[in-house]
Amino acid sequence: MTKGKQLSVSAIRNGTVIDHIPAKNLFRVISILGLDKFDHQITFGTNLDSTKLGQKAIIKVSEKTFVGDEINRIALVAPEARLNFIKDYEVVEKSIVKVPLEISGITKCVNPKCITNNEDVMTKFHVINKNGEISLKCHYCEKITDQEHMSAEI
Ligand code: CTP
Ligand code: ZN
């Protein structure tokens, strides 16, 4: 390994590396993916130098490939994140997250009186993107759920 390419967080054998997370959003990614309840091996680093982001964070989840909805969730709190899928220590696929226009079935509406919190109705939000800061406008009650209130709970 050449100098300057030294890994701050050890390489993983199989799994997913979520890279280029703005350092201030590390715990939001952990929360929105429910990583605190995972039993996979997870390593992370934060306040790492990044030429693009200033300070970035990285999360490495072993033996786990993120798909569909999970990737959409990452996009809500870290729209510039990059995913690297690792197999036998090699990066086999890279993917950028994409902020969806609408999103269903993730996170709770912040409004306790919302129909989605009181009846068997799945959440549905319109995604608002203000200079990369994402918030969710409820399709039913129109209240805004900001990043601080987004979590893996539904
Ligand atoms: N990685 C890892 N375990 C491996 C292989 C790679 O944790 N077995 C991590 C690297 O530390 C890096 C990311 O996966 O954070 C992407 O790896 P790679 O494409 O080799 O790095 P870069 O070329 O620096 O990628 P980028 O330009 O996307 O930052
Ligand atoms: Zn609502």
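The buried residues of helix α2 (buried meaning under 20% relative accessible area with a 1.4 Å probe, protein chains only) pack against β1, α1 (26–33), β4, β6 (102–104), β7 (124–130) and β8 (133–138). Those buried residues of α2, which spans residues 68–77, are Ile71, Arg73, Ile74, Ala75, Leu76 and Val77. Helices (H or I, at least four residues) and strands (E, at least two) are DSSP runs, numbered from the N terminus.

The model is predicted, with local features needing pLDDT of at least 70 and side-chain atom pairs pLDDT 80 or more, while totals for chains, interfaces and linings use all residues. Residues are numbered from 1 along each chain as its sequence is written, chains are lettered from A and ligands numbered from 1 in the order written, and side-chain values use heavy atoms, without hydrogens or water.

On to the ligand. Among the 15 residues around ligand 1, those that come nearest are Ile12, Lys60, Arg82, Tyr89 and Lys94. A backbone N or O atom of Ile12 sits 2.8 Å from a nitrogen atom of ligand 1. Oxygen atoms of the ligand come into play too: one is 3.2 Å from an N or O atom in the Asp19 side chain, and a polar side-chain atom of Lys94 lies 2.7 Å from an oxygen atom of ligand 1. Two or more residues of the shell come from each of β1 (15–22), β3 (54–62), β4 (82–87) and β5 (90–96).

Then there is Thr107, found in the loop between β6 and α3 (115–118). Thr107 is buried, with a relative accessible area of 0%, and its side chain reaches the backbone nitrogen of Ser151 at 2.9 Å.

Technical notes. A residue is near a molecule or strand if one of its heavy atoms lies within 4 Å of it. A polar contact is a pair of N or O atoms within 3.5 Å; within protein, one must be able to donate a hydrogen and the other to accept it, and residues adjacent in sequence count only if both atoms are side-chain atoms. Buried means under 20% relative accessible area, exposed over 50%, partly exposed in between (1.4 Å probe, protein chains only). Contact means heavy atoms within 4.5 Å.
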